[in-house]
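Visitor: Please choose a single part of this structure and take me through it closely, one step at a time. I am new to this, so kindly explain each term when it comes up.

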Amino acid sequence: MDRFRTTGAARRLIAILVVLGIAFATTAAMAKGDTTGDPPSAGAATPDAQSTPDTPAPAQSATPPVSPAAGDDDAAAPSATDDTAPENEGFDYAGTVAALGEANYPEKRRIVSALASHPQAHTAELLAAFADNRLVARESDGKVFVAEENGNDYDLRDPITFEPAGRASTRDFDPVRTNIGLRQNIGAAQAQLKLSAEDAETRLAAVETMSEKLDDNAADAMRAHRASETDDDVLEAIDRALAINDLNTGDNDAKLAAIERLSGDNSQMVYNRLKNMLILIPEDTADADQARLRAAAAEQVERIDWWRTVYDYLETLFFGLSLGSILVLAGIGLAITFGVMGVINMAHGELIMLGAYTAFVMQQLLPGHIGLALVLAVPAAFIVSGLVGILIERSIVQWLYGRPLETLLATFGVSLFLQQLVRSVFTPLNRSVASPEWMSGLIRFNDLFALTANRLVILAFSMAVFAALILVMQKTSLGLKVRAVSQNRDMARAMGIRTQRLDALTFGLGSGVAGIAGVALSQLTNVGPNLGQSYIIDSFMVVVFGGVGNLWGTLVSGLSLGVLTKFIEPQTGAVLAKIIVLIFLILFIQRRPRGLFPQKGRTAEGS
Amino acid sequence: MTRTHANHGPVLTRMLGDTGSLIFVVVLIALTVAIPLCNLVAEPGSALHVSNFTVALIGKYLTYALLAVALDLIWGYCGILSLGHTAFFGLGGYAMGMYLMRQIGDRGVYGNPVLPDFMVFLNWDTLPWYWHGMDIFAVAMAMVVFVPGLLALVFGWLAFRSRVTGVYFAIITQAMTYALMLAFFRNEMGFGGNNGLTDFKDILGYSLSSDGTRVALFVASGVGLLIGFLIARFIVTSRAGRVLEAIRDAESRTRFTGYRVELYKVWIFTISAMLAGVAGALYVPQVGIINPSEFSPIASIEAVVWVAVGGRGTLYGAALGAGVVNFAKTWLTGAFPEIWPYALGALFVAVTLFLPKGIVGLVSQLRRQIRRKEPS
Amino acid sequence: MKKPALLESFSDRSRVFDFVNRPAAGAKPDVRHGTVLYVEDITVSFDGFKALDALTLYVNAGELRCIIGPNGAGKTTMMDVITGKTRPDAGRAWFGQNIDLLTLDEPRVAQAGIGRKFQKPTVFENHTVHENLELAMAGARSVWPVLFARLSGEQSAHIDETLELIGLAERRHTLAGALSHGQKQWLEIGMLLMQEPELLLVDEPVAGMTPQEVERTAELLVRLAGKRSVVVVEHDMEFVRSIARTVTVLHEGRVLAEGSMDKIQNDPKVVEVYLGE
């Protein structure tokens with residue numbers, strides 16, 4: 001008869017979730033270096049020793065857009081160019097640089113590659129400047145300079161020596177243009193320069209960057225470097241990069257060996273090249289070698305496809321759980337006010353909205369402390385929405401106990417009122433609440449699987465809120481009293497529980513949790529006066545589907561509805577998926593009006 | 001605390017035996033006759049003249065009033081609170097909209113004789129099956145009652161036989177209208193998506209922009225409301241009406257007395273949905289557009305508030321409430337647009353807390369007090 | 001709103017599709033064997049608590065049976081099972097030899113001829129006394145006939161008769177909600193009579209009545225027996241003694257003893273659990 005009793009099934013479920021959570025957390029920690037969003041320290045990377053003081057540190061944008069691991073490029077600028085200098089005899093470095101001014105894109109690519117293979121003291125800076133679009137060519141003679149904008153003029157430097165070369169009007173110069181493909185080449189070239197860095201990590205990153213765009217020059221450089229490489233990880237990465245290169249350029253045996261070597265590698269690059277191979281070699285090829293190659297490639301493609309499907313499902317599952325966690329957050333406050341008190345609070349959505357606005361206001365109050373503001377917004381939103389909830393209960397709901405339909409209408413009035421209030425105070429425009437670094441970007445587990453950090457955090461947060469509520473309900477005297485009142489109001493009153501005060505507190509608790517949900521939502525969507533409306537029906541559905549008065553039911557129903565929605569979505573599109581879920585819920589409630597986990601017993605009969 | 005028993009005698013006496021209903025019917029008939037006269041006969045500028053704008057506005061209120069009567073029939077008399085009644089209103093409206101759309105013929109922007117503009121725009125080359133026959137007025141009008149009725153029948157049958165009641169029912173009806181709204185927003189549904197159905201030209205061959213048609217539509221709304229009201233009155237004053245009230249007050253007792261409660265509920269819910277559908281069909285040609293926002297859950301709840309404001313369980317109170325609230329809305333959104341949502345919110349609260357019987361209840365209370373004072 | 005019989009049977013979700021046993025609509029119980037109610041091995045449990053534990057009970061046609069027992073003995077649950085409100089976990093309940101009560105829901109049980117009066121008087125408070133009786137009056141129950149129903153002279157007379165019988169003729173136009181507690185009890189009994197049931201289940205009919213009213217109620221119930229079968233659940237021992245011929249004692253969901261009042265009162269088991277306190 002205990003509405004909040006932990007059932008065996010529910011216990012197992014939470015255990016699974018905890019295990020999953022720990023697994024996520026550890027993997028996330030391991031994968032931390034892989035975060036695409038720049039780690040906080042990256043912005044403060046010091047210019048390397050070689051940069052002349054008047055040269056700006058090579059900027060972040062030198063990072064090729066698709067490189068997952070280029071965060072530390074600058075810190076690893078080559079200190080070893082001198083070692084390679086002796087090999088450069090016979091290469092016309094200055095002439096090659098000068099040719100950039102008139103070169104077309106294929107030529108520019110070749111030049112970049114050649115420069116990386118025959119570096120001199122300032123090659124790294126030159127490439128950085130190139131990637132940064134700071135190379136210009138004089139219109140009159142096509143001579144190339146490194147330029148720094150200064151008002152309407154350029155401060156010029158010599159591209160070879162990086163000596164200052166005077167100042168001239170920008171009008172006399174054309175930029176040496178780059179495009180995405182070229183910038184990737186530049187990135188690869190920059191990486192190549194770093195191949196001989198002291199730090200194994202840097203070399204590893206360099207190899208990985210290079211492998212994105214490996215041409216013959218770079219491959220040769222890599223092979224040359226391999227002989228002197230000592231670090232196992234770097235060796236491994238070089239082999240992989242060369243193998244991938246072989247897939248394109250090697251002969252049949254090299255290709256076969258490469259396929260063999262790369263089995264178990266699920267990256268997009270390998271996949272694309274294998275697919276390409278399948279396209280290039282006709283299915284009914286007469287050549288036995290080619291046929292063997294094709295079969296090997298096909299096998300790998302099939303294997304990667306299989307893993308992709310698996311990870312796709314995992315990803316869908318995650319999106320479902322993520323949506324579910326939001327539904328749980330939104331619904332759990334309602335589960336308290338509706339489930340425990342039997343009160344329909346149509347203003348629940350607006351309490352969520354108030355929480356979201358609290359997060360917005362906190363960030364306005366603490367400019368520059370996005371993360372801190374967000375953390376502080378959680379208790380603040382609890383208090384704001386909780387107080388508003390208590391106000392609603394004292395002023396309206398308490399007069400309407402036992403008249404649920406009237407309560408529904410009155411609280412709907414409150415919701416209109418609150419919406420308009422927010423419109424008056426904050427304007428009807430949507431506000432956006434900024435995300436702190438630890439909530440942005442992707443958390444990458446492997447080549448095929450990455451999760452968005454904000455959703456992961458919210459999933460964990462929602463579970464934490466749920467756990468806290470369960471604790472409150474089971475371990476505190478407030479929870480005990482709430483459970484007592486929900487089971488038998490008259491008896492509880494007879495036992496000396498001040499039901500009026502308790503009602504207000506319970507309502508405040510449910511409302512406060514709605515506020516917390518609002519803070520979480522502010523990280524996923526824009527904050528506007530209509531935010532709450534879009535969640536109210538969903539929240540009710542979650543509570544009713546789970547079984548009124550049962551917090552565990554709310555958890556299970558929220559998560560399963562989220563997962564259900566996300567698994568339908570790919571087939572039907574988002575809107576139709578939502579409609580289907582709504583219809584499913586309507587039909588379900590009609591079959592089992594008391595939800596998934598109904599309360600049993602005589603006390604439940606009358607309700 | 002006594003009530004005269006009116007189960008015998010002529011049906012009309014039974015239906016109009018109570019003063020409020022009689023006054024309502026008289027006023028409604030007067031309005032339906034007088035407003036067109038004042039519009040068409042009285043010279044513009046004279047004190048009696050009623051502008052075209054006012055005619056259209058009051059015509060719209062009349063259709064709202066019919067929706068309110070439909071709601072009161074189930075809520076006031078059978079205790080079924082539907083937060084999704086605009087679903088039926090909207091479906092009726094769409095059925096009418098489809099007819100009007102087909103009447104445009106080749107006068108649309110794209111000049112396609114069969115396909116409405118939005119279908120041409122979506123590169124559709126054939127008419128979806130459910131649009132066939134909607135160019136025939138009789139078929140369209142049958143759909144106006146049939147489609148909402150069928151939805152209500154199926155929905156109600158599923159809900160009531162499982163004994164889904166009270167707030168649960170309210171919530172799933174809300175979900176129903178929400179799902180419909182989402183569905184109609186989809187272009188693939190073939191109802192014009194976001195924009196809905198609009199740019200209507202004429203109805204039964206009469207131009208919708210002519211004064212005569214407008215007045216005719218007004219009269220149709222008045223007559224529609226009158227007929228809907230009389231049907232509702234007939235039901236609630238019959239023995240079946242008393243069964244409905246019995247269900248409202250003591251559902252379980254009604255069952256033990258041998259009445260199949262779920263059948264009564266499905267029946268009255270279906271009739272109410274049909275009335276709402278008719279209201280929607282009368283509404284659309286007067287406002288010239290129907291789009292998915294008509295299905296919005298908020299619109300449904302607003303309609304419930306009309307009933308609450310007027311006074312539930314009286315039918316004429318519901319109609320009165322629809323008129324009063326919408327008049328206030330028109331006036332306030334014109335004069336102080338910021339204030340309207342506050343006013344509406346406050347109205348919800350005030351009516352439930354202080355006026356549980358609505359305006360009608362307030363009036364009868366005042367009359368009682370006056371009567372008590374008179375002797376002294 | 002009339003649906004084919006097959007469709008109708010589907011519409012009852014609690015039904016086991018038992019077309020064979022299903023009595024034709026409006027069938028009367030067959031009591032040729034002299035027994036109107038068979039309750040056999042009925043077990044009902046709520047969350048592990050057994051409200052009824054293999055309860056077996058027979059009621060003869062025309063009998064006036066009193067059922068007594070301490071709180072929680074299962075009296076109300078037994079009535080719930082018989083009237084279709086609660087489905088038992090096990091057991092059989094037949095009305096006469098031909099009507100399986102466990103396949104019927106509340107309205108069908110009522111239509112088959114079992115009337116029930118609740119412990120707390122439940123009347124339609126917003127209807128007049130007259131309307132209450134009219135609603136309860138035996139006859140059509142489905143929507144369309146009821147919608148167009150008019151009171152015939154004969155029916156009016158029948159209602160008037162009942163009004164006299166329950167002493168509420170003067171208050172026929174009073175809203176039932178305005179009646180006193182005792183009057184509501186009487187009105188509910190009147191409604192039961194209007195249903196013309198074969199079997200009346202009466203739960204604590206004299207609770208809250210004055211001694212005069214109790215006396216009149218006793219008189220009425222005794223008069224009813226013979227024509228109809230009556231099962232009375234009551235706490236008031238004086239009242240039970242004044243009307244009962246056979247008394248059944250329930251305890252913890254089973255029959256503890258059965259027999260005449262004298263026999264029961266001298267049964268040591270009964271004395272221990274019920275009378276002895």
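Guide: Two strands are said to pair if DSSP finds at least two bridges between them, and the strands themselves are DSSP runs (E, at least two residues), numbered from the N terminus. This is a predicted model, in which local features need pLDDT of at least 70 and side-chain atom pairs count only at pLDDT 80 or more, while totals for chains, interfaces and linings use all residues. Residues are numbered from 1 along each chain as its sequence is written, chains are lettered from A and ligands numbered from 1 in the order in which they are written, and side-chain values use heavy atoms, with hydrogens and water left out.

The part to look at is a sheet in chain C, where 4 strands form an open sheet in the order β2-β1-β4-β5, with antiparallel pairing. Its edge strands are β2 (49-60) and β5 (99-100) of chain C, each of which pairs on one side only. Strands of a sheet pair through backbone hydrogen bonds, either parallel or antiparallel.

Let us begin with strand β1 of chain C, which covers residues 35-46 and is mostly covered, since 10 of its 12 residues are buried, a word that here means under 20% relative accessible area (1.4 Å probe, protein chains only). On one side, β1(C) is joined to β2(C) by 8 bridges, and the two strands run antiparallel. One bridge to follow by eye links Ser45(C) with its partner Lys50(C) in β2(C). The same two strands, β1(C) and β2(C), form a hairpin with 2 residues between them, and Asp47(C), in the turn, has a positive phi of about 55°.

Turning next to the pairing of β1(C) with β4(C), you will find 5 bridges between these strands, which again run antiparallel. Here Glu40(C) has Arg92(C), in β4(C), as its bridge partner.

From there we can walk on to the other edge of the sheet. Strand β4 of chain C, made of residues 90-95, is joined to β5(C) by 2 bridges, and these strands run antiparallel as well. Trp94(C) has its bridge partner in β5(C), namely Asp100(C).

To retrace the whole path, start at the edge strand β2, then follow the order β2-β1-β4-β5 through chain C, and finish at β5, the other edge strand.

Definitions and conventions: Buried < 20%, exposed > 50% of the residue type's maximum accessible area, 1.4 Å probe, protein only.
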